[in-house]
Amino acid sequence: MTDSAPTPRRHPGRGYGRNAALLVAPIALGLTLAACGPSPVDMVEHPVTTTPSRMAGEELQRAAEPENSCADDPAPPEFEGTGDRGVRTDEPGVDAVEVPRSPERILALGVTAVDVACALGLQDLVVGTSGLPRDADVYLPSPLVDLPEVDTSGVAPTEVATAARELTPDLIVVGGDDLDPAVVDALSSVAPTVVYDSATLSWTAASEMIADAYGRPRAGGDVLLSVIEQARMTDAAATPSDTRVSLVSVGGADGDGVTVQAPDTLGSLMLEAVGAGRPPSQLTRDGERVPPLPESPAVGDELDGDVIFAVVGGSPGAEDDAREVFASDRWTDLDAVGAKRMFVVDRAVWEGAGPVAARAVLEDIRKSINGIAPDG
């Protein structure tokens, strides 16, 4: 039997969505964040310096704790009765698909699908994954990270279907960025398949769609609203608008191994969301770089700011690359480095795409933006 979602105050998959979608690029589009809380001077005098590990000789800011990332209890199913129900799906494929009301074996393909399952406490229902970053275990628990992988890129559709079938899912959710339509057809032959937009700029809309497919649209909306509230709290506690935040990617880049972080990454979007100031050469809006005004000429190195968040990890040689950058003259000459206001953060988190990663980024910002880094 096909049925649609009940409609209390709002359409459960979309009423919250009109609020939650304001998170996309960035949260600040839907918020007026208050500028209050302790001053940067106060925070510098009483810095937060507790960090559990190191990367390339530097203390690693790690707000994410894998064992505590997922909800302790699963969000309860929101659709009573038997049979299937219709949900939205993205291209390539049809506009809607019939899915179980309360799926019990989920094949979560793509980092957002896994992240949302974790946020909703459905990690025990996930039977397989794909597309997780190399260092996903820094913020996702081992039971999720260690699941079988079903590769959907560069693999023959028949092989994808065979790998999926071995896991006997009753629902497949797959990221659709450049996804081969033949792969979607192959997956659909195994179980109902919902496709979502895997672009980071679309992570909140994708989270909505995924939560709906999982049969928990209201719970998914609540999760996204909690990210909005955390952004408000981060702004109130840390006054990020008072600070020019430099966000750079270390390692895995051309040239000297360090570049300004792309504007459409989760970290950039969260800095926008809390209204953080940025150096003129790093200004972003809605996930795009904003050229500095003519009357704002570059002063000093484009990598510098009042504080630097250095995104590291993601490749086998990431630590060696970072160590080389951190020892370079260009790096040691940066004012923020000399002032010990440089913080190393995880690439898997800051380039993630989902509510669990977003919460971890916001916590990294709150704990570090006005602090002094420990000795490296």
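**Long-range contacts, a one-sided helix and a small enclosed space**

In the protein chain, 72% of the contacts with a separation of 6 or more are made by residues 24 or more positions apart. The model examined here is a predicted one. Its chain has 376 residues, and 53% of them are buried. Along the way, the chain forms 15 helices and 14 strands. The accessible surface amounts to about 15900 Å², with carbon and sulfur atoms contributing 49% of that area.

Helix α6 offers a friendly example of how burial can be arranged. This helix spans residues 157-165, and its buried residues are Val 160, Ala 161 and Ala 164. These three lie on the same side of α6, because the arc they cover around the axis is only 95°. A general rule helps here: an α-helix has 3.6 residues a turn, so residues three or four places apart point the same way. The cover over the buried residues of α6 includes β5 (106-109) and α7 (181-188).

Empty space inside the model can be explored as well. Rolling a probe the size of a water molecule over the atoms shows where such space is left. The structure holds two cavities of 30 Å³ or more, and the second largest encloses about 30 Å³. The lining of this second largest cavity is formed by Val 116, Ala 119, Leu 120, Ser 207, Gly 220, Val 223, Leu 224 and Pro 355. Two elements, α4 (111-119) and α9 (217-238), each give two or more residues to that lining. Helix α9 provides the largest share, with three residues. By character, the lining of the second largest cavity comprises six nonpolar and two polar residues, with no charged ones.

Conventions:
Residues numbered from 1 in each chain as written. Predicted model: local features only at pLDDT ≥ 70, side-chain atom pairs only at ≥ 80, totals over all residues. Heavy atoms only, no water. Buried < 20%, exposed > 50% of the residue type's maximum accessible area, 1.4 Å probe, protein only. Helix = DSSP H or I, 4+ residues; strand = E, 2+ residues; numbered from the N terminus. Arc of directions from axis to C-beta. Contact = heavy atoms within 4.5 Å. Areas by Shrake-Rupley, 256 points an atom, 1.4 Å probe, with all protein chains shown as cover. 1 Å grid on protein atoms, 1.4 Å probe; cavity = no way out; pocket = protein on both sides within 12 Å on 5 of 7 lines; lining within 4 Å. Points joined across faces, edges and corners; volume = space filled by probe spheres on them. Nonpolar A, V, L, I, M, F, W, Y, C, P; charged D, E, K, R; others polar.
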